[in-house]
Amino acid sequence: KLGFSVSGFVEKNRAWTNAGAKPGDKLILTKPLGTGTLTAALKKDAAKEEWIRGAIQSMTTINDVIDSLREIDIHSATDITGFGLSGHATQMALASDCEFHIELNSLPCLEGAKECLEKGFLTRAHTTNGTYTSEKTKWDLSKEVLEQWPDWKRKIVLDPQTSGGLLLSIPEAQTARALSKIQEAGFKSASVIGSVLPKKGKEVIIYG
């Protein structure tokens, strides 16, 4: 059996889908990453209270940026949830027939997330997300960045998010204005994390 309900309507030319990213666009992430590893640490009673407060605040903040971006051309969008940043970025790049180049050092992270990853607080989804995206992702990191981002820390891109942020593909000329409006709407950690390029190889290139 299949059941569904219609809860609203949208103008066709105003709909945000994951299939319209265009080469030259910039990628904005509206929320920091890390709810997966933080909640894994919480289950082991190993997370600091302030870390969990930050995670709860992020998870309970609704991605309500539509009104703020009515004058911005959103070419493509997706939410970041259980498949992590790498999984959802891969899906969006595939649907758009483009490459997403994501700068590792630009990724916003929740307080305590890196410490929890270092201590090995992972979920099953960290592993399954890694398996799912391994053939679609290329790491292009300098020696210096590899030293700053050892393997355990790089798992932040696989971190499954609960009520994660939005990944938006926006024309470069409108990026600064869009980012300002998103931050004014209360998403202070929103960041430009990369660019969209024509498809040549892997779907997602993580560089630094």
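**Reading a predicted fold, starting from helix H1**

Me: Let's start with H1: which of its residues are buried?

Reply: In H1, the buried residues are Thr35, Gly36, Thr37, Leu38, Ala40 and Ala41. Keep in mind that this is a predicted model. "Buried" here means under 20% relative accessible area.

Me: And what covers the buried residues of H1?

Reply: To read cover, ask which elements touch the buried residues. For H1, the cover includes H2, H4 and helix H5, which runs over 124-133.

Me: Thr39 isn't in your list. Is Thr39 exposed, partly exposed or buried?

Reply: There's a middle class, for residues that are neither under 20% nor over 50%. Thr39 lies in helix H1, and with a relative accessible area of 26% it is partly exposed. You can also use Thr39 to gauge spacing in the fold: its C-alpha atom is 9.7 Å from that of Ile56, a residue 17 places away along the chain.

Me: What does the backbone do just after H1?

Reply: Look at phi, and flag positive values. Just after H1, Asp45 has a positive phi of about 55 degrees.

Me: Which other residues, glycine aside, have a positive phi?

Reply: Two to look at are Asp97, with phi near 55 degrees, and Ser163, with phi near 50 degrees. Now check where they sit. Asp97 belongs to the loop between helix H3 (84-96) and strand E3 (98-103), while Ser163 is in the loop that joins helix H7 (151-154) to strand E5 (166-170). Then check their cover. Asp97 counts as exposed, at 56% relative accessibility, whereas Ser163 has a relative accessible area of 30% and is partly exposed.

Me: Back to helices. How do I see whether the buried residues of H2 line one face?

Reply: The general idea is helical periodicity: an α-helix has 3.6 residues a turn, so residues three or four places apart point the same way. In H2, which spans residues 49-59, the buried ones are Trp51, Ile52, Ala55 and Ser58. Looking down the axis of H2, you find these buried residues within an arc of 120 degrees, so they line one face of the helix.

Me: What sits on each side of H2?

Reply: Its buried residues pack against helix H1 (35-43) and helix H4 (113-118). On the face turned away from that buried side, H2 carries the exposed residues Glu49 and Gln57.

Me: Can we zoom in on one of these: what does Ser58 touch?

Reply: For contacts, look for heavy atoms within 4.5 Å, and leave out residues up to four places away in sequence. Ser58 lies in helix H2 and counts as buried at 10% relative accessibility. Its partners are Lys31, Pro32, Leu110 and Ser163. That last one is the loop residue with the positive phi.

Me: How about a residue in a strand: where is Thr78, and what does it touch?

Reply: Take it in the same steps: element, cover, contacts. Thr78 is found in strand E2, residues 76-79. It is buried, with a relative accessible area of 13%. Beyond its sequence neighbours, Thr78 touches Asn18, His88, Met92, Gly165, Leu166 and Leu167.

Me: And Pro23: where is it found?

Reply: Pro23 is in the segment before strand E1 (26-29), and is partly exposed, with a relative accessible area of 46%. Its contacts outside the sequence neighbourhood are Cys98, Val196, Leu197 and Pro198. For a distance across the chain, take Pro23 and Ser191: they are 168 residues apart along the chain, and their C-alpha atoms are 19 Å apart.

Me: Now step back. How many helices and strands does the protein chain have?

Reply: Eight helices and seven strands. The radius of gyration is 17 Å, close to the 17 Å that the globule rule gives for 208 residues, so the chain is as compact as a globular protein of that length. Along the principal axes, the C-alpha atoms fill a box of roughly 45 × 45 × 40 Å.

Me: Which whole-chain numbers go with that?

Reply: For burial, 46% of the 208 residues count as buried. For contacts, take those with a separation of 6 or more: 91% of them come from residues 24 or more positions apart. For the surface, the chain exposes about 11,000 Å², with carbon and sulfur atoms supplying 50% of it.

Me: Last one: how many positive and negative side chains are there?

Reply: Count both sets, then compare their centres. There are 26 positive and 25 negative side chains, and the centres of the two sets lie 4 Å apart.

Conventions. Residues are numbered from 1 along each chain as its sequence is written. This is a predicted model: local features need pLDDT of at least 70, side-chain atom pairs count only at pLDDT 80 or more; totals for chains, interfaces and linings use all residues. Side-chain values use heavy atoms; hydrogens and water are left out. Helices (H or I, at least four residues) and strands (E, at least two) are DSSP runs, numbered from the N terminus. The radius of gyration is taken over C-alpha atoms; the globule rule is 2.2 Å times the number of residues to the power 0.38. Buried means under 20% relative accessible area, exposed over 50%, partly exposed in between (1.4 Å probe, protein chains only). Accessible areas come from the Shrake-Rupley method with a 1.4 Å probe; for residues, only the protein chains shown count as cover. Lys and Arg count as positive and Asp and Glu as negative; His and the chain ends are not counted. The place of a charge is taken as NZ of Lys, CZ of Arg, CG of Asp or CD of Glu. The arc is that of the directions from the helix axis to the C-beta atoms.
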